[in-house]
Amino acid sequence: MKKTYLLAPGPTPVPSEALLAMSRPILHHRAPEYEKIFSQVREGLKYVFQTQTEVLIFASSGTGGMEGAVVNTLSPGDKALVVRGGKFGERWGEICQAYGVNFEAIDVEWGKPVDPALIAEALKRDGAIKAVFVTHSETSTGVLNDLEAIAEIVRNTPAILVVDAITSLGVVPVPVDEWGLDVVVAGSQKALMLPPGLAFCSVSEKAWRMVETSRLPKYYFNFKEEKKNIEKNQSAFTPAVSLLLGLKETLDLIKAEGLENIFARHDRLARATRAGVTALGLELFTESPSPAVTAVKAPTGIDGGTIVKTLRTKHGITIAGGQSHLKGKIFRIAHLGYADTYDVVIAMAALELTLSELGYPVKLGSGVRAAEEILMK
Ligand SMILES: *Cc1c(COP(=O)(O)O)cnc(C)c1O
């Protein structure tokens, strides 16, 4: 027997309250009992997104929500601005390309945050830009972008701001209404503590005006149809009933803990993880780290993929490696969602053992100790 631990930046562990709710017999989605739960889910989502507007729900992975954000706001030949500083920033560009949206890219070196001034300059240069696509927490590099500064720039232009908040919502503040974020996309399998399978999109009034005139093709991911239905506690098509029962539970947990406490917990776990790996003599990949995931440079002479594989096969711990050109160069330890103090301690202890086994000099306990010194405060 080997006990396993999931410390990857999605999917993330699911609390037992949600697991149990999802094992309930299937409710029929046109029945009052389901509608009551669904109305509570709607309220819970508004709390997490910090918005008064409706948060739309789709049965898809997070990328479906991203695709929905593009096809519901833009029209063929429209111009967009895409920030690409990692795998997920690139995805915005790929979706735009798939639908014939012309876009200008701001290419940011992987591991660095985008300079918001570049967005301001691009918008000033080209008044035809209809939408700005950004990644708040770029999971592939572990970078957190300055969304507040970006929002302040875009808010005062005719363009809408579309945010991939898939590993930032429920981790750091994403006050949708206060910052004027136009479309914010989230997914179930990150900080919302559920299995993969749900995507969420909040839509501002400014964005709804664009939805009214959008002419890109769409069928399932239709914002107008979903809005009409959700206001009646329904969805246009059969919803992922079991996942929604789980969502009701995780939203209750989020509300009980409170957003401020949740942000503080993620910050504490992230600082402890960074302190731990630094104490082991390892280097962080970025100077603008996301509290969702810590990206660490693999030490010279040791392949990052080997660290990930050894942790999984020998120690039962799943973390993530590097993607694209970062393959083998970094590894990523997640601490988002259903994560707490001892997840960090476990990650540090296992990392110490793994690095020792791979021939990297480790003073056993030094990473754990540095992490604990933060965790005890
Ligand atoms: C996980 C993730 C996504 C969505 O990926 P799916 O596999 O489609 O759920 C998008 N953006 C970021 C930043 C992510 O971390």
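Here are four short exercises, with worked solutions, on a predicted model.

**Exercise 1. Two helices side by side**

Task: Find how helix 5 and helix 6 are oriented to each other, and which residues meet between them.

Solution:
- Start by locating the two elements: helix 5 covers residues 116-125, and helix 6 covers residues 147-155.
- Next, look at the geometry. The packing angle is about 15 degrees, and the axes are 9 Å apart.
- Angles under 35 degrees count as roughly parallel, so helix 5 and helix 6 are roughly parallel to each other.
- Their crossing is right-handed.
- Now zoom in on the contact: P116, A117, I119, A120 and L123 come from helix 5, while A149, I150, I153 and V154 come from helix 6.
- Sorting these residues by class gives nine nonpolar, no polar and no charged.

**Exercise 2. A second pair of helices**

Task: Work out the orientation of helix 11 and helix 14, then describe the residues in their contact.

Solution:
- Helix 11 spans residues 259-279 and helix 14 spans residues 366-375.
- These helices pack at an angle of about 150 degrees, with axes 7 Å apart.
- Since angles over 145 degrees count as roughly antiparallel, helix 11 and helix 14 are roughly antiparallel to each other.
- Here, too, you can name the handedness: helix 11 passes helix 14 in a right-handed crossing.
- On the helix 11 side, the contact is made by R268, L269, R271, A272, A275, G276 and A279. On the helix 14 side, the residues are S366, G367, A370, A371, I374 and L375.
- By class, this contact has eight nonpolar, three polar and two charged residues.

**Exercise 3. Around the ligand**

Task: Say how many residues surround the ligand, and find polar atoms that lie by its oxygen atoms.

Solution:
- Begin with the count: 14 residues surround the ligand, and the closest are S61, T63, T139, D164 and K190.
- Take S61 first. A polar atom of its side chain is 2.5 Å from a ligand oxygen atom.
- Move on to G62, where a backbone N or O atom lies 2.9 Å from an oxygen atom of the ligand.
- Finish with Q189: an N or O atom in its side chain is 2.7 Å from a ligand oxygen atom.

**Exercise 4. Backbone details in two loops**

Task: Describe the peptide bond from G10 to P11 and the phi angle of Q50, and place P11 and Q50 in the chain.

Solution:
- The bond from G10 to P11 is cis, with omega near -5 degrees.
- P11 sits in the loop between strand 1 (5-6) and helix 1 (16-22).
- For Q50, phi is near 50 degrees, a positive value in a residue other than glycine.
- Q50 belongs to the loop between helix 2 (32-49) and strand 2 (55-58).

Terms used
Residues numbered from 1 in each chain as written. Predicted model: local features only at pLDDT ≥ 70, side-chain atom pairs only at ≥ 80, totals over all residues. Heavy atoms only, no water. Axes fitted to C-alpha atoms, helices over the stretch in contact; angles between N-to-C directions. Helix = DSSP H or I, 4+ residues; strand = E, 2+ residues; numbered from the N terminus. Parallel < 35°, antiparallel > 145°, perpendicular 65-115°, else oblique. Left-handed = near helix turned anticlockwise from the far one by under 90°. Contact = heavy atoms within 4.5 Å. Nonpolar A, V, L, I, M, F, W, Y, C, P; charged D, E, K, R; others polar. Near = heavy atom within 4 Å. Polar contact = N/O pair within 3.5 Å; in protein donor to acceptor, adjacent residues only side chain to side chain.
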